[in-house]
Amino acid sequence: MGKVKTAIPGLDELIEGGYVENDVIIVTGGPGAGKTTFGIQYLVGGAMNYNEPGVLVVMEETPSRMIRDMWRFGWDIERLISQKKIKIIYADPFKYTKFVKIPDSSPIGIVAATKNIGDIFKQIQTEVEAVKAKRVFIDSITSIKLSSGERDVRQIVSEFIKNLEFLDCTTLMTSEIQDAQEFSVEEYLSSGVIKLHIFRVGGSRVRAIEILKMRGVKHDETLHPYDIQEKGIIVHPGETVMIDEVSLLGTAGAK
Ligand SMILES: Nc1ncnc2c1ncn2[C@@H]1O[C@H](COP(=O)(O)OP(=O)(O)OP(=O)(O)O)[C@@H](O)[C@H]1O
Ligand SMILES: [Mg+2]
């Protein structure tokens, strides 16, 4: 079973050396938890340190904004693009929504459904082949879900994940927490779920990472602190975050 380095210092040792090759892993957490940073670090680290090119699918923000924000960590995404080590696909969720959310009564014909989940997958496949990518990062699956209508969500997400698993790439996908009490469909359907928590303890903020699941891996089950620093995210596997049940419930409710 091949392993893929996470490029996050301290994380590999919590999951027996890295992600399982060809898996689809969900990175979930509240606003500002560091989900985007986590995924970009995976792509940049792969491109720079492991000779593994990557494809980035941007849905939440514009690519230029993301490139600018990630520059703060010293990651020169533009250079990696020019070296064909990273390729960006910009799937504007608003355009996408416009094409997909069509009322049943709308006349046939205006639905130039040039963009749907299948097209996005085909685009990913094309770019993966173009740069011989081994890593894919999709930010985020929530946009795809919101534009696909309640009824079909499970089937759409399931098909998308299955297709990604056949790509010969290892994929990270962010997911926003929508209901703190419930798990989302992609968390059940993916091979792994990593959760980035932010707790408020007393007057300060504590960031903690949790491996909720990693199929086929004897993974760590405790909460470990992580920091967002000058060079990106760092996990501290030797330290544990102790959060009692009461404060855990408190933060979930206050999300
Ligand atoms: N240079 C830095 N040093 C320390 N922390 C930083 C730095 N840059 C960003 N951060 C922290 O990272 C957070 C944003 O990270 P990121 O965009 O990866 O989170 P996210 O989970 O993707 O957020 P969103 O839900 O908005 O998409 C900021 O809110 C800030 O707390
Ligand atoms: Mg983000």
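The shell around ligand 1 mixes three residue classes: three nonpolar, six polar and three charged residues. Helix 1 gives the most to this shell, with three residues. The model is predicted. Beyond the ligand, the briefing covers an open sheet of nine strands and a nonpolar core of 58 residues.

**Ligand 1**
- The residues surrounding ligand 1 are G29, P31, G32, A33, G34, K35, T36, T37, E60, R72, I228 and Q229.
- Two elements each supply at least two residues of the shell: helix 1 (35-49) and strand 10 (224-229).

**The sheet**
- The strand order is 5-4-6-7-3-8-9-10-11, and the pairing is mixed.
- Strand 5 (86-90) and strand 11 (232-235) are the edge strands, and each pairs on one side only.
- On average, neighbouring strands are turned by 25° against each other, direction ignored.

**Strand 4 and its partners**
- Strand 4 (residues 54-58) runs parallel to strand 5, and five bridges join the two.
- Across this pairing, L56 stands opposite I88, and V55 stands opposite K87.
- Strand 4 also pairs with strand 6, again in the parallel sense and over five bridges.
- Here V58 stands opposite D139 of strand 6.

**Burial of strand 4**
- Strand 4 is mostly covered, with five of its five residues buried.
- In a regular strand, side chains alternate between the two faces of the sheet.
- On one side of strand 4 are G54, L56 and V58; on the other are V55 and V57.
- Both faces are covered, and these residues are all buried.

**Helix 1 against the sheet**
- Helix 1 lies across several strands, among them strand 3 (24-29), strand 4, strand 5 and strand 6 (135-139).
- The list also includes strand 7 (170-176), strand 8 (192-201), strand 10 and strand 11.
- Helix 1 runs at about 160° to strand 6.

**The nonpolar core**
- The largest nonpolar core has 58 residues.
- L43, V57, V136 and F137 have the most contacts inside this core.
- Helix 1 gives the most to the core, with six residues.
- Leaving aside residues up to four places away in sequence, V57 touches I89, A91, I124, I138 and D139.

**Where the topics meet**
- Helix 1 is the top contributor to the ligand 1 shell and to the largest nonpolar core.
- V57 is a buried residue of strand 4 and one of the residues with the most contacts inside the core.
- D139 stands opposite V58 and is also touched by V57.

Technical notes
Residues numbered from 1 in each chain as written. Chains lettered and ligands numbered in written order. Predicted model: local features only at pLDDT ≥ 70, side-chain atom pairs only at ≥ 80, totals over all residues. Near = placed C-beta within 6 Å. Helix = DSSP H or I, 4+ residues; strand = E, 2+ residues; numbered from the N terminus. Nonpolar A, V, L, I, M, F, W, Y, C, P; charged D, E, K, R; others polar. Pairing = 2+ DSSP bridges. Axes fitted to C-alpha atoms, helices over the stretch in contact; angles between N-to-C directions. Contact = placed C-beta atoms within 7 Å. Core = buried A, V, L, I, M, F, W, Y, C linked by C-beta atoms within 7 Å. Buried ≥ 20, exposed ≤ 12 C-beta atoms within 10 Å, placed from the backbone.
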